[in-house]
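Colleague: I'm new to this one, could you walk me through it?
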Amino acid sequence: MSAIVQVRDLQKTYDGGFEALKRVNLDIEEGEILALLGPNGAGKTTLISTICGITTPTSGSISVGGHDVIDDFRRARRLVGLVPQEINLEPFEFVMNTVRFSRGLFGKGRNDAYLEQILKDLSLWDKRGGRIAELSGGMKRRVLIAKALSHEPRVLFLDEPTAGVDVELRKDMWQLVERLRKDGVTIILTTHYIEEAEAIADRVGVINKGEILLIEDKAALMSRMGQKEMRIELTESIETVPESLGDYDLVRSNDGRVLTYAYQTTSTRTGITSLLKDLQAAGIGLRDVQTSQSSLEDIFVNLVKESAK
Amino acid sequence: MNWYGIRAIYRFEMARFFRSIVQSIVSPVLSTSLYFVVFGAAIGSRIQEVEGVSYGAFIVPGLIMLSVLTQSLQNASFGIYFPKFIGTIYEILSAPVSALEIVIGYVGAAATKSLLIGSIILVTSFFFVDITIQHPFWMLAFLVLTCVSFSLLGFIIGIWAKSFEQLNLVPLLVVTPLVFLGGSFYSISMLPPIWQSISLFNPVLYLVSGFRWAFFGMSDVPVAASLFAITTFSAVCLGIVWWIFKSGYRLKT
Ligand SMILES: Nc1ncnc2c1ncn2[C@@H]1O[C@H](COP(=O)(O)OP(=O)(O)O)[C@@H](O)[C@H]1O
Ligand SMILES: [Mg+2]
C-alpha cells in the first residue's frame, strides 16, 4: 500500500536565506496518527504549510492521495484539512457562517446536517449564531477544527492543537482524534508536549533543525531507545560504593540505602545478572529491586541533544 | 472550476457589505447630495450649461465615476488585505481554488458592491436633476467595466500593501487627484490649451468622457479612445494579477 502523504527530498529555504527544511523524506500511511515532535523552530509548521500549499517548496515534491500538491493541487487539497497553529479567524464573522464558508471553499455543496454534527461534536452547536469575537480562546480553536473538518477531509493536520489550551479541551481533542481515526482519517499532529504524542500517536517522528531525526512506531521507539533504571534498595546503608562495583556507575542515594543502575534494554547484555552477582560477592544485601522505563521525553531530549552535537 | 469555492468567497464578501449596509448606502448618498448642493448650487449658478446640458446634470457621470472608482479600490483592496492582515488567508491558500477563482470571488464581490453604489447614486441624482440617458447599454457597459477594472487594481493594491497606510496611499495620492483632474466636474474644453494636453495623459479622463458620452452624447475624447483605454487598463491589471499568483508575490513565503 502506498502512503497517503509522500514527501520526497523536500527542501525549503526562506527568502532571508534560512534553511528551514533540509531534504525531508516522509511517508504517512493511510489511517495512522502521526505525531511530529520537535522544539520550537524545528520546522514543523513549515513542513505542514508546504504540504498544504501555503508555503512553496524550494525543491522536492509532495503528493497527497497520489496527487502532486502543485501540479494537481485541486485533488490533493480536497483531501486535506488544516488546523493552523495560530488562531486566525475573522472576529466579526458568525460561527456557522465561517464553517459554511470553509466547506464551500473546498468545493463541497451545502450540507447543514453534517456541519451540525461537527459543531455538536465540538460543543459549538450552542454558539453557532454567535460572533467569533465573543468566544474564548479554546472555543476559537474548536471553530478552527470545525472549519478544517467541514469538507470531510481524509487527512487532517493539527499544528500544535493543544498548545495553551485547557485540560478539558485537550481531553476533548484527544477523543475527537480517536473518533476520526475510527472513520479512517489520517491525522498528523505537531506538538512539543511529549505526553500528547505518547497518549494518542501510532507513530512518532522527531524533527529538529529542519531534519527528521527519526520516525518510528511509538512502542518500538520507546523500547528501542528506552533506557531503564533499576533501583536497588539495600538492607543496610553503605558509606561508599565498593570498588569492585566501580564499572556499573552506580548512583548512591544520600542516606546510602538505595543504589540506582541505568542500563539499555537494547544492548545485548544489560549487566543485570553480573551486577546482582557482584553485589552478593561484595556482601551487600538486597531488600527490593524495581525497574522503570524512560519516557518518550527522555528519548526525545537525548535525540535532540545528540543532533545538536 | 470550483464554483462552490467562488460562491463561498463571493457570498462571504457580500455578507461583509450587507452587515454594514446602512453605512454602505448612506455615506455615498449623503456625499452625492452634498456634491449636488456645493457644486450644483455654487458653481452651477455661474456655469448654467455645458454644451447644452445643465451643469447639475453634467456632473452626474463624473460623480458616479468618482464614487465607483474609490469604492472599487477600497472594497477590493480591503477584501484581500484583511485576510492577509489577520491571517485567515491561510485557508484560501490551502483550498482547492485556482487564482482565477479567487479573483472572480473577490473582484466580483467588490465590483458588485460598487455597481450597487453607482446605481444608488444615479437614482439619488434623479431627485436633483433631470437626466435622460441616451445610450443606456453603453452607460451600463462603461460602468461595469470600470467597476471590474478598478476592483482588479484594488485587489493588486491589497496584495501589495503591507500596512493600512499603504492600503490608503494609492487611492489617496493617485486616484482621487486623477479623478478630480479627469474632467469629472468640468469639460476639459474649459481648460487652457496646455492643461488640455496634459489632461490627455490622465486615464480617468477617458473613463469619465466615455461615460458622459453614454449619458449625453458628448465627450472630451472619442468614444473609441475611451473604450480602448478601459480595455487596455483591464488587461494590464489582469496581467499583473496573473503574475502575482504565478510568483506567489506577497501571498506565499
Ligand atoms: N516566513 C518565514 N521567513 C523566514 N523564516 C521563517 C519563516 N517562517 C519560519 N521561519 C523560520 O523557520 C524555522 C522553522 O519555523 P517553524 O516551521 O515555524 O518551526 P516550528 O513550527 O517547528 O516551531 C524557524 O527558525 C523560523 O524562524
Ligand atoms: Mg510551529
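Modeller: Buried means under 20% relative accessible area, exposed over 50%, and partly exposed in between, with a 1.4 Å probe and protein chains only. This is a predicted model, where local features need pLDDT of at least 70, side-chain atom pairs count only at pLDDT 80 or more, and totals for chains, interfaces and linings use all residues. Residues are numbered from 1 along each chain as its sequence is written, chains are lettered from A and ligands numbered from 1 in the order in which they are written, and side-chain values use heavy atoms, with hydrogens and water left out.
Colleague: Which are the protein donors of the magnesium ion (ligand 2)?
Modeller: They are A:T45, through OG1, and A:Q85, through OE1, lying 2.0 to 2.2 Å from the ion; donors are N, O and S atoms within 2.8 Å of the metal (3.2 Å for Na, K and Ca), and since water is not among the atoms, sites may look incomplete. Because A:T45 lies in helix α1 and A:Q85 in the loop between β6 and α3 of chain A, the pair ties together parts 40 residues apart in sequence. Helices (H or I, at least four residues) and strands (E, at least two) are DSSP runs, numbered from the N terminus.
Colleague: How accessible is A:T45?
Modeller: A:T45 is partly exposed at 30% relative accessible area, and A:Q85 is partly exposed too, at 27%.
Colleague: Changing topic, what is the strand order in the open sheet of four strands?
Modeller: The order is β12-β13-β11-β14 in chain A, with antiparallel pairing, where two strands pair if DSSP finds at least two bridges between them. Strands β12 and β14 of chain A each have a single partner strand, so one side of each is left without a neighbour in the sheet.
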